[in-house]
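Visitor: I would like a close look at a single part of this model, taken slowly enough for someone in a first year of study. Please walk me through how two helices meet there and what lies beside them.

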Amino acid sequence: MNKNILLCGVGGQGIVLTSKLIAAASMAKNIPVMSAETIGMAQKGGSVFSFLRTGDNLYCPMFPEGTADLIIGFEPGEVVRMLSYLKPEGTVIVNTHPIMPVTAALSEGSYSGEEMLEYLKANVKKLYTLDGDEACRRIGSPKVLNMVMLGGAVASGCLPFTLDEIIAAVEKTVNPKFFDLNRKALSEGESLLGK
């Protein structure tokens, strides 16, 4: 079965690595996969998003608005910005911790993210929220938000993988000295969204 997946957030949150792990897990199960990232402003805290498509008869990694089965959002405002890609029955998994956009910081504006979360609650039928930053504090590293979010996505049942299959992809992709930390973060994310 084909799936359209969109990952979005800001630079430094590990979106590109998360996309690569989903692709690696797909290939390990012989599921055809295509991906494309937009990372132009990533180093300045700007928007980053990744399109992933899995399944048969794929001709392009991009997909049109209204066709995403799943959005994994690392930052609430970025999810709102990309929400037009979600299909009506699609699922959103979002980190509740906001990161002030560069434009708001420069203009000394305010941004708490609460209004974005309220908008998502009002407009998304299948919405899962995770406090990824609190999970990172419990784990002891702010750099594993992507693994927490990926673990939550696995627990949602929206990805065709088990946690063990994602862990196998991490083992083949990530520096071995970070393997245990990443495995712990994946398990934490799974438990936050576990059914």
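Guide: In this predicted model, helix H6 crosses helix H8, and the crossing is right-handed. Two packed helices are described by the angle between their axes and the distance between the axes, and both values are available here: H6, which covers residues 145-156, and H8, which covers residues 179-193, pack at an angle of about 45 degrees, while their axes lie 6 Å apart. An angle of 65 to 115 degrees would count as roughly perpendicular and one under 35 degrees as roughly parallel, and H6 and H8 are therefore oblique to each other.

Turning to the residues that meet, H6 brings Met147, Val148, Leu150, Gly151, Gly152, Ala155 and Ser156 to the contact, and across from them H8 brings Asn182, Ala185, Leu186, Gly189, Glu190, Leu192 and Leu193. Sorted by class, this contact between H6 and H8 holds 8 nonpolar, 5 polar and 1 charged residues.

The two helices also have a part in the largest pocket, whose volume is about 360 Å³. Its lining is made up of 19 residues, and those nearest the centre of the pocket are Pro142, Lys143, Val144, Leu145 and Asn146. H6 and H8 are the elements that give two or more residues to this lining, and H6 gives the most, with 3 residues. By class, the lining of the largest pocket comprises 9 nonpolar, 8 polar and 2 charged residues.

Methods
Residues are numbered from 1 along each chain as its sequence is written. This is a predicted model: local features need pLDDT of at least 70, side-chain atom pairs count only at pLDDT 80 or more; totals for chains, interfaces and linings use all residues. Side-chain values use heavy atoms; hydrogens and water are left out. Axes are lines fitted to C-alpha atoms, for helices over the stretch in contact, and angles run from 0 to 180 degrees between N-to-C directions. Helices (H or I, at least four residues) and strands (E, at least two) are DSSP runs, numbered from the N terminus. Angles under 35 degrees count as roughly parallel, over 145 as roughly antiparallel, 65 to 115 as roughly perpendicular and the rest as oblique. A crossing is left-handed if the near helix is turned anticlockwise from the far one by less than a right angle, and right-handed if clockwise. Contact means heavy atoms within 4.5 Å. Ala, Val, Leu, Ile, Met, Phe, Trp, Tyr, Cys and Pro count as nonpolar, Asp, Glu, Lys and Arg as charged, and the others, Gly among them, as polar. On a 1 Å grid over the protein atoms alone, a cavity is a set of points where a 1.4 Å probe fits but cannot get out, and a pocket is an open set with protein on both sides within 12 Å along at least five of seven lines; lining residues have an atom within 4 Å of a point. Grid points are joined across faces, edges and corners, and a volume is the space filled by probe spheres set on the points.
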